[in-house]
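Thanks for coming. I have one structure to go through today, and I will take it piece by piece. Please have a look at it before I start.

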Amino acid sequence: MPTVTIQEMTTKEPITLIGKEAGICYGKDPEDVTRAYKRGVDCIKSMHGRTWEFPDVYMIIDGYSARCIREFYTHIGGLPTRLQESTRYVNYKDFDYIIPVSISSNEEACEEYTKHMADVRSLLELFETLGIPKEDSANILPLGMTTKIVVKMNLRTLVDMSHQRLCSRAYWEIRDLMREIMIALQNYSEEWKDLVNSLFEPKCIFLNRCPETNSCGYFDNLQKL
């Protein structure tokens, strides 16, 4: 089961932190927590995006496919830092993998899919008996294989990511990942809950229009309600 774990190094009070840092620029007392929080709210409402780069989120993302994580890595705003489970040192002979619903719901397709994964596992075992180093045999691992990463990102990058990955035209697995990140943050602290509820949304809702050439129709349908 895929999981997203927010680590304790994550900023607990991101809105207050934004207000404290912004207050320094205005000559205000950064230790006045009440005023810092109000100032942070104003920075959020005023879309002062640079201030959103101060709150950091440290996450462990586990159980998503290597393909999904490749897409995740395209979000590079704010110079995020990440480490991924090594294919050089970790033994992947019994690797887990994702089965898309379109495949799992088709008996013939699912049978062929799982057979292919079993063949890859068998080949990995054969390579081991032949003395092939793990770092070389890992080249046959599939994109559907699950992996684990640790990552540090800031609020601004995550908000932008939500605009892209909550879009219904995004791949289903990374949409699921984005939703799990949101749920994990909402459970981490009340300030994160407020930020997720107010800032994390598909780009059509954020822009009040759909910028996609091939729209899914979601925004147009909302306008008709």
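I will go through the sheet, then the salt bridges, then the cysteines, and end with a few places on the helices. Please keep in mind that this is a predicted model.

Let me begin with the sheet. It is an open sheet of 4 strands, in the order β1-β2-β4-β3, and the pairing is antiparallel. β1 and β3 stand at the edges with a single partner strand each, so one side of each has no neighbour in the sheet. From one strand to the next, the twist averages 15°.

Now take the edge strand β1, which covers residues 3-6. Its partner is β2, residues 56-65; the two run antiparallel and are joined by 4 bridges. Two of the pairs are easy to find on the screen. T5 stands opposite I60 in β2, and I6 has M59 as its bridge partner in β2.

Which side chains of β1 are buried, and which are not? V4 and I6 point to one face and are buried, while T3 and T5 point to the other face and are not buried. As background, side chains in a regular strand alternate between the two faces of the sheet. The side chains of β1 do alternate along the strand.

Next, the salt bridges. How many are there? The count comes to 12. I will show three pairs and one network.

The first pair I want to show is R165 with E71, where the closest N and O atoms are 3.5 Å apart. This pair links distant parts of the chain: R165 is in helix α7, residues 155-165, and E71 is in helix α3, residues 66-72, with the two positions 94 residues apart. How covered are the two partners? R165 has a relative accessible area of 13%, so it counts as buried. E71 is at 37%, and therefore partly exposed.

The next pair is E128 with K93, whose side chains meet in a salt bridge at 3.0 Å, N to O. Here too distant parts of the chain are linked, with E128 in helix α5 and K93 in the loop between β3 and α4, 35 residues apart. E128 has 41% relative accessibility and counts as partly exposed. K93, at 24%, is also partly exposed.

The last pair is K203 with E212, at 2.4 Å, N to O. K203 is at 13% relative accessibility, which means it is buried. E212 has a relative accessible area of 26%, so it is partly exposed.

As for the network, it links R50, E53 and R156 through salt bridges.

On to the cysteines. How many disulfides does a search of the whole structure find? It finds 0. C110 is in no disulfide, and the nearest cysteine sulfur, that of C68, is 20 Å away. C167 is in no disulfide either; its nearest cysteine sulfur belongs to C216 and is 5.9 Å away. The cut-off for a disulfide is 2.5 Å between the sulfur atoms, which is why C167 and C216 do not count as one. C167 itself is buried, with a relative accessible area of 11%.

Now to the surface. L123, L126, L130 and I132 form a nonpolar patch there, and together they have about 330 Å² of accessible area. One of them, L123, is in helix α5, residues 107-129. The relative accessible area of L123 is 32%, so this residue is partly exposed. Helix α5 has come up already, since E128 of the second salt bridge I showed is in that helix.

Finally, two places where residues from separate parts of the chain can be compared by their C-alpha atoms. The first is K45, found in helix α2, residues 33-45. K45 is exposed, with a relative accessible area of 68%. Its C-alpha atom is separated by 9.6 Å from that of L199, and these two residues are 154 residues apart along the chain.

The second is L207, in helix α10, residues 203-207. L207 is at 36% relative accessibility and so counts as partly exposed. Between the C-alpha atoms of L207 and H163 the separation is 9.3 Å, and along the chain the two are 44 residues apart.

That is the last item on my list.

Definitions and conventions: Residues are numbered from 1 along each chain as its sequence is written. This is a predicted model: local features need pLDDT of at least 70, side-chain atom pairs count only at pLDDT 80 or more; totals for chains, interfaces and linings use all residues. Side-chain values use heavy atoms; hydrogens and water are left out. Patches are made of residues with over 30% relative accessible area and no salt bridge: like charges are joined within 9 Å, nonpolar side chains (Val, Leu, Ile, Met, Phe, Trp, Tyr) within 5 Å. Accessible areas come from the Shrake-Rupley method with a 1.4 Å probe; for residues, only the protein chains shown count as cover. A salt bridge is a side-chain nitrogen of Lys or Arg within 4 Å of a carboxyl oxygen of Asp or Glu. Buried means under 20% relative accessible area, exposed over 50%, partly exposed in between (1.4 Å probe, protein chains only). Two strands pair if DSSP finds at least two bridges between them. Axes are lines fitted to C-alpha atoms, for helices over the stretch in contact, and angles run from 0 to 180 degrees between N-to-C directions.
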